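Here are some short exercises to work through with the model open beside you. Try each task before reading its solution.

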Amino acid sequence: MYLLLAITAFSIVALALFHSHLKLKISYKRIENNDIITLAASAFFGIIKYKAELPFLDFVKKMDNFAVRFRLRLKSGKEIQDEIRFKRIESLDELLSSLDDMMSYYRLNKKAIKYLAKKAQIRDFCVYSAFGFDDAYITGVMYGILYTVIVNFLAFIKAHIDLYIKAIDLKPVFNKEVFHIMLNCIIDIKIGHIITALRMFIKTSRGSEIDGTTYSRTYENNYGKY
């Protein structure tokens with residue numbers, strides 16, 4: 001009787017966990033030389049919450065050399081170790097090396113990455129920006145270029161991920177040097193889909209270990225200096 005109740009309770013909790021959502025709200029605001037980034041995460045129907053707010057430069061410093069390590073043990077007894085490391089780009093060689101690492105990692109885990117992209121949603125995406133230069137002509141040209149780049153970039157993202165755009169508001173300010181920007185979005189994905197993707201990552205690692213093509217290089221997610 002108690003065993004049946006325990007199994008039932010475990011099944012209910014597992015089902016609830018599978019269908020619960022992980023939500024990550026990202027907010028970035030810059031006014032003149034002052035900027036701040038806010039990250040707010042919630043999971044398991046809002047029971048688990050985390051929020052961090054700090055200047056973007058401090059965020060970059062905290063992420064420098066931050067690493068996430070993975071360890072998988074195969075049925076054969078062999079152990080696979082992998083690592084995702086974040087660090088700033090210091091040179092062109094590091095940029096090219098980083099791009100090569102990312103492409104290799106993507107090719108190895110293409111199926112799982114595409115699955116995550118298909119299941120994820122980016123909601124309430126909005127960009128508000130006011131910018132200008134002393135030269136009105138340059139301001140007008142930059143407005144056209146910036147708007148075209150943003151629209152095409154979002155169209156590319158929307159082709160791969162469910163993207164719901166709330167607003168895009170670019171305001172040119174003529175004859176004055178100004179740069180204000182505010183960006184907000186919410187990334188939403190079911191925890192069950194994350195678990196499924198992790199199983200796909202593990203399956204890919206096992207398969208590559210068997211055929212001898214395991215990607216053993218450390219993947220470095222580099223980002224430029226602010």
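Helices here are DSSP runs of H or I with at least four residues, strands are DSSP runs of E with at least two, and both are numbered from the N terminus. The model is a predicted one.

**Exercise 1: the whole chain**

Task: Find how many helices and strands the chain has, and describe its burial and its accessible surface.

Solution. Start with the elements: the chain holds six helices and nine strands. Next comes burial, where 29% of the 226 residues count as buried. The accessible surface is about 15,300 Å², and carbon and sulfur atoms contribute 63% of that. Finally, take the contacts between residues at least 6 apart in sequence: 68% of them join residues at least 24 apart.

**Exercise 2: a helix pair**

Task: Work out how helix H3 and helix H4 pack, and say which residues meet.

Solution. Two packed helices are described by the angle between their axes and the distance between those axes. For H3 (residues 92-108) and H4 (residues 110-119), the angle is about 85° and the axes are 5 Å apart. Angles from 65 to 115 degrees count as roughly perpendicular, so H3 and H4 are roughly perpendicular to each other. On the H3 side, the residues in contact are Tyr 105, Tyr 106, Arg 107 and Leu 108, and they meet Lys 110, Ile 113 and Lys 114 of H4. Sorted by class, this contact has four nonpolar, three charged and no polar residues.

**Exercise 3: the nonpolar cores**

Task: Find the residues of the largest nonpolar core and the elements that give two or more residues to it.

Solution. The largest nonpolar core has 11 residues in all, including Ala 117, Ile 122, Phe 125, Leu 154, Leu 170 and Cys 185. Strand E6 (121-132), helix H5 (136-158) and strand E7 (162-172) each give two or more residues to this core. Now follow one member, Ala 117: leaving aside neighbours within four places in sequence, Ala 117 is in contact with His 160 and Ile 161. Another core, of six residues, lies apart from the largest one, and among its members are Ala 112, Tyr 115, Ala 197 and Met 200.

**Exercise 4: buried or exposed?**

Task: Place Lys 111, Val 151 and His 193 in their helices, then classify each by relative accessible area.

Solution. The cut-offs are under 20% for buried and over 50% for exposed, with partly exposed in between.

- Lys 111 is in helix H4. Its relative accessible area is 65%, so Lys 111 is exposed. Its C-alpha atom is 8.8 Å from that of Ala 197, although the two are 86 residues apart in sequence.
- Val 151 belongs to helix H5. With a value of 38%, Val 151 is partly exposed. The C-alpha atoms of Val 151 and Ile 168 are separated by 8.9 Å, with their positions 17 residues apart along the chain.
- His 193 sits in helix H6 (residues 191-211). At 17%, His 193 is buried. Not counting residues up to four places away in sequence, His 193 touches Tyr 115, Leu 116 and Lys 119.

**Exercise 5: positive phi**

Task: Locate Asp 124 and Asn 175, and give the phi of each.

Solution. Asp 124 lies in strand E6 and has a positive phi of about 50°, although it is not a glycine. At 36% relative accessibility, Asp 124 counts as partly exposed. Asn 175 is in the loop between E7 and strand E8 (178-190). Asn 175 is not a glycine, yet has a positive phi of about 60°. Its relative accessible area of 55% makes Asn 175 exposed.

Conventions: Residues are numbered from 1 along each chain as its sequence is written. This is a predicted model: local features need pLDDT of at least 70, side-chain atom pairs count only at pLDDT 80 or more; totals for chains, interfaces and linings use all residues. Side-chain values use heavy atoms; hydrogens and water are left out. Buried means under 20% relative accessible area, exposed over 50%, partly exposed in between (1.4 Å probe, protein chains only). Contact means heavy atoms within 4.5 Å. Accessible areas come from the Shrake-Rupley method with a 1.4 Å probe; for residues, only the protein chains shown count as cover. Axes are lines fitted to C-alpha atoms, for helices over the stretch in contact, and angles run from 0 to 180 degrees between N-to-C directions. Angles under 35 degrees count as roughly parallel, over 145 as roughly antiparallel, 65 to 115 as roughly perpendicular and the rest as oblique. Ala, Val, Leu, Ile, Met, Phe, Trp, Tyr, Cys and Pro count as nonpolar, Asp, Glu, Lys and Arg as charged, and the others, Gly among them, as polar. A nonpolar core is a set of buried Ala, Val, Leu, Ile, Met, Phe, Trp, Tyr and Cys residues joined through side-chain atoms within 4.5 Å.
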